[in-house]
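Reader: Hi! I'm new to looking at protein structures. Could you walk me through this one?

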Amino acid sequence: MLEKVKFWTIQGKMDISTQYNLLVALFPDKVINKKDLSNAIQQFKKQVKPSKNDVCQMLTELYLKKDDDPRWIIKPRFDVGERRLNSLFWMSSDQVNAYGKYHDIVIIDTTSRTNQFDMILMLVIVVDNNFRNLIVAAAILEDETEATFSWTLQELKNSCDIIPITLYSDADPALISAVKKNYPETHHFHCIFHIELNLRKKLKGKLQDQFKPFHAKFLAMRNSLCPKKFETGWEELINEFSACEQYLTRVLYPCKKSWAHFAIN
């Protein structure tokens, strides 16, 4: 299976959706995870990328800033075998100060496939006393595996010796596991914004013109301050929109205490 992924990536230049559909058709008895497929594609893409000195320029710029201000934090991660940089974490001195002041609520967000190197940008964000979002750390990562997330979180903890009180992120299983291992005392919640994006992606096609009333009732249920009222709203939602039952019960209900208002208020 991996040989096909390698061939399709390097020779055919197929995107992840095309490869996923082909693999499902060719291997109907196998469980194929899109995140694992994405990570494999990223690894094979690195084998054909032309050599560039962008990494050297970026590191040079960062270390020049550190020469001017030693409080800058720069943590590169190298693949010794392939002699390449595969991840990079950094914080400016102003960001270190902001993280020290406003680490009560921390938000972690990742964006992938938005640059020519197909790497992941991870941002660590806090909320200041004026309710403004401040970026306090950034990292460029080669993949979204638990090991890579753990490395980033460990560098953040080692650099500032701070344990966030509350952390919000999407529901990526690898990130959830990494937060649990590195910040066991932190309350980890799932961002309702990402949950809503997934609802639109997974259910809008099934519900069509019924998605708007479904969405309104979902938010009303989610915002319930009483656990019993939440459960009543959940049952009503399942009964009224039965086409959503499988996704809701499989994906969202097991982790309800990470996003339901009664649990995180």
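Author: Happy to; we can start with the whole chain and then go into the details.

Reader: Is this from an experiment or predicted?
Author: This is a predicted model.

Reader: Okay, how many helices and strands are there in the protein chain?
Author: The protein chain has 12 helices and seven strands. Its C-alpha atoms fill a box of roughly 60 × 50 × 30 Å along the principal axes.

Reader: And what share of the residues is buried?
Author: Of the 265 residues in the protein chain, 41% are buried. Gln 19 is one of the buried residues, because its relative accessible area is 0% and the cut-off is under 20%. You'll find Gln 19 in helix 2, which covers residues 16–26.

Reader: Got another like that, maybe in a strand?
Author: Try Met 122, which sits in strand 4 (residues 120–127). Met 122 has a relative accessible area of 1%, so it counts as buried. Between the C-alpha atoms of Met 122 and Arg 250 there are 27 Å, with the two residues 128 apart along the chain.

Reader: Can we talk about helix 6? Which of its residues are buried?
Author: Helix 6 has several, among them Phe 149, Trp 151, Leu 153 and Leu 156. The buried residues of helix 6 also include some with charged side chains, Glu 155 and Lys 157.

Reader: How far apart are the end C-alpha atoms of helix 6?
Author: They are 21 Å apart. Helix 6 runs over residues 146–160, and at 1.5 Å a residue its 15 residues should span 21 Å, so the model agrees with the expected value.

Reader: Hang on, 15 times 1.5 isn't 21!
Author: Good catch! The expected span is 1.5 Å times one less than the number of residues, which means the count used is not the full 15.

Reader: Ah, nice. What follows helix 6?
Author: Asp 161 does, and its phi is positive, near 50°.

Reader: New topic: salt bridges. How many are there?
Author: The count comes to seven salt bridges. Side chains of opposite charge can pair when their charged atoms come close. One of the pairs is Lys 35 with Asp 172, at 2.5 Å from N to O. Lys 35 is in helix 3 and Asp 172 is in the loop between strand 6 and helix 7, so this pair ties together parts that are 137 residues apart in sequence.

Reader: Is Asp 172 buried or exposed?
Author: Asp 172 is buried, with a relative accessible area of 9%. Its partner Lys 35 counts as partly exposed, at 26%.

Reader: Any others I should click on?
Author: Have a look at Glu 231 and Lys 256, whose closest N and O atoms are 2.5 Å apart in a salt bridge. This pair links distant parts of the chain, with Glu 231 in helix 10 and Lys 256 in the loop between helix 11 and helix 12. There is also a salt bridge between Asp 128 and Arg 132, at 2.8 Å. Asp 79, Arg 84 and Glu 142 are linked in a network of salt bridges.

Reader: Last one: where is the patch of positive charge?
Author: The patch is on the surface, where Lys 34, Lys 201, Lys 202, Lys 206 and Arg 250 gather. Helix 8 (residues 192–207) gives the most to it, with three residues.

Reader: Is Lys 206 buried or exposed?
Author: Lys 206, which lies in helix 8, counts as exposed because its relative accessibility is 52% and the cut-off is over 50%.

Note on methods. Residues numbered from 1 in each chain as written. Predicted model: local features only at pLDDT ≥ 70, side-chain atom pairs only at ≥ 80, totals over all residues. Heavy atoms only, no water. Patch = residues over 30% accessible without salt bridge, like charges linked within 9 Å, V, L, I, M, F, W, Y side chains within 5 Å. Areas by Shrake-Rupley, 256 points an atom, 1.4 Å probe, with all protein chains shown as cover. Salt bridge = Lys/Arg side-chain N within 4 Å of Asp/Glu carboxyl O. Charge placed at Lys NZ, Arg CZ, Asp CG, Glu CD. Helix = DSSP H or I, 4+ residues; strand = E, 2+ residues; numbered from the N terminus. Buried < 20%, exposed > 50% of the residue type's maximum accessible area, 1.4 Å probe, protein only.
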